[in-house]
Amino acid sequence: MVKHLVELPIDHFRLLGVSPSAEAETILRTLQVRLDRPPQEGFTQETIGQRSELLRLSADLLTDLERRKEYETALLGGAGGLDLPSTREVAGLMLLWEADSSVEAFRLACQCLQPPQPPALGSSRESDLTLIAALSCRAAAQQEQEQRHYASAAVLLQDGLQLLQRMGKLSEQRRLIQEDIETLLPYRILDLVSRDIGDQTSRQEGLRLLDNLVSERGGLEGRGPSLEVGGLDQSEFELFFQQIRKFLTVQEQVDLFVEWRKDGSLEAGFLGAIAMAASGFSCRKPDLIDQARKYLRRLNFQEIDTLPLLGCLDLLLGDVDSSQERFSRSSDEGLSDWLRNYPGE
């Protein structure tokens, strides 16, 4: 008696790649095309041969009118997937991947590589299962990205990378998955921080990833050794950050900007002062505005005249004399002209 190890979540129509209404001629033509075009990613000939057997079995059933009718009746009755014997499970997973059921193929391949019945080390089964896991992992992540599920795509890629690292195989596939993870990072952050503010688990993960990204880039200015962290050059990163910032609360901005300023980012320091002032104004807390004023004064900007902004903060605090003094010392000629011609206080 054959021992069934895997139930493949697919029917004969999808496995072969034909419509449920396909006639015999179409089925046989599709079969020949599939047999002539096996995957070229490096599977063993043994698995390629088993794949051909499964395709022929599906075609045989679907071209036999009586058996096909019985099968279609079973499908309408809620019949499940296809039970595969141990000799064909690897080829079945390959066909599942080819049928764009990549998430299922990846999960099943991972299961087959785990105890209690893992493949023998160095066997063709181990090699093919690992390759299926790698290919289906990347394909599944791509499908998730197309649905804008960037966070779940990243989880799939990380799971796939950990599996390949544990197996110690497919160094090129590991490199490609690592590149996919890095390229996906900005989208993943945007996905997480744009979620409902009540989803604090996702939000905190997004903030953590954003903090790491900015730190690795060397601050908002991109002073690090590589500006391609996250697959973005500086101009692309600035556009990305403009998108991200509108999803951050004022307090989240203050916390992030202050930390990035400690790491040497002057731009973050300037934005931190703005965020503090905005927080104080919106919450009607003068002490926060005063904190923003003191913070801005401590920053050592060489190329930015901060006196107009400090003067505005003085006005918010009702300190008109200090405000006028700062405006008068500003290098902004337009502001100086306005001040000289302004009637009254």
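Phe-106 is found in helix 6 (residues 102-112); helices here are DSSP runs of H or I with at least four residues, strands are runs of E with at least two, and both are numbered from the N terminus. The model is predicted, so local features need pLDDT of at least 70 and side-chain atom pairs count only at pLDDT 80 or more, while totals for chains, interfaces and linings use all residues. Residues are numbered from 1 along each chain as its sequence is written, and side-chain values use heavy atoms, with hydrogens and water left out.

**Two buried residues**

- Phe-106 is buried, with a relative accessible area of 0%; buried means under 20%, exposed means over 50%, and partly exposed lies in between (1.4 Å probe, protein chains only).
- Phe-106 and Ala-133 stand 27 residues apart in sequence, but their C-alpha atoms are 4.9 Å apart in space.
- Residues up to four places away in sequence are not counted in the contacts of Phe-106, which touches Ala-133, Ser-136, Cys-137, Leu-156, Asp-159, Gly-160 and Leu-163; contact means heavy atoms within 4.5 Å.
- Gln-173 has its place in helix 9 (residues 171-193).
- Gln-173 counts as buried because its relative accessibility is 13%.
- Leaving aside neighbours within four places in sequence, the contacts of Gln-173 are Ala-134, Leu-135, Arg-138 and Leu-164.

**Nonpolar cores**

- In soluble globular proteins, nonpolar side chains tend to be buried together.
- A nonpolar core is a set of buried Ala, Val, Leu, Ile, Met, Phe, Trp, Tyr and Cys residues joined through side-chain atoms within 4.5 Å.
- The largest nonpolar core has 56 residues, of which Leu-8, Leu-16, Phe-43, Leu-62 and Leu-93 touch the most other members.
- Leu-8 is in contact with Leu-15, Gly-81, Leu-82, Leu-84, Gly-92, Leu-93 and Leu-96, again leaving aside its neighbours within four places in sequence.
- A second core, separate from this one, has 37 residues, including Phe-237, Val-254, Met-276 and Ala-277.

**Helix pairs**

- The axes of helix 3 and helix 5 cross at roughly 70 degrees and come within 8 Å; axes are lines fitted to C-alpha atoms, for helices over the stretch in contact, and angles run from 0 to 180 degrees between N-to-C directions.
- That makes helix 3 roughly perpendicular to helix 5; angles of 65 to 115 degrees count as roughly perpendicular, under 35 as roughly parallel, over 145 as roughly antiparallel and the rest as oblique.
- On the helix 3 side, Thr-47, Ile-48, Gln-50, Arg-51, Leu-54 and Leu-55 meet Val-90, Ala-91, Gly-92, Met-94, Leu-95 and Glu-98 of helix 5.
- The residues of this contact divide into seven nonpolar, three polar and two charged; Ala, Val, Leu, Ile, Met, Phe, Trp, Tyr, Cys and Pro count as nonpolar, Asp, Glu, Lys and Arg as charged, and the others, Gly among them, as polar.
- Helix 9 and helix 11 (residues 234-245) have axes that come within 10 Å and cross at roughly 10 degrees, and the two helices are therefore roughly parallel to each other.
- Pro-186, Ile-189, Leu-190 and Val-193 of helix 9 make this contact with Phe-240, Gln-243 and Ile-244 of helix 11.
- Six nonpolar residues, one polar and no charged make up the contact of helix 9 with helix 11.

**Salt bridges**

- Side chains of opposite charge can pair when their charged atoms come close.
- The whole structure holds 25 salt bridges, each being a side-chain nitrogen of Lys or Arg within 4 Å of a carboxyl oxygen of Asp or Glu.
- Arg-88 and Glu-53 meet in a salt bridge through their side chains (3.2 Å, N to O).
- This pair links distant parts of the chain, 35 residues apart: Arg-88 is in the loop between strand 2 (82-85) and helix 5 (89-98), and Glu-53 is in helix 3 (residues 45-63).
- Arg-88 is partly exposed at 24%, and Glu-53 is partly exposed at 37%.
- Glu-126 forms a salt bridge with Lys-169, with the closest N and O atoms 3.5 Å apart.
- Glu-126 lies in helix 7 (residues 124-146) and Lys-169 in the loop between helix 8 (150-167) and helix 9, so this pair ties together parts that are 43 residues apart in sequence.
- Glu-126 counts as buried at 4% relative accessibility, whereas Lys-169 counts as partly exposed at 24%.
- Arg-293 and Asp-314 also meet in a salt bridge (2.6 Å, N to O).
- Arg-293 counts as buried at 14% relative accessibility, and Asp-314 counts as buried at 0%.
- Asp-290, Arg-293, Lys-294, Asp-314, Asp-319 and Arg-326 are linked in a network of salt bridges.
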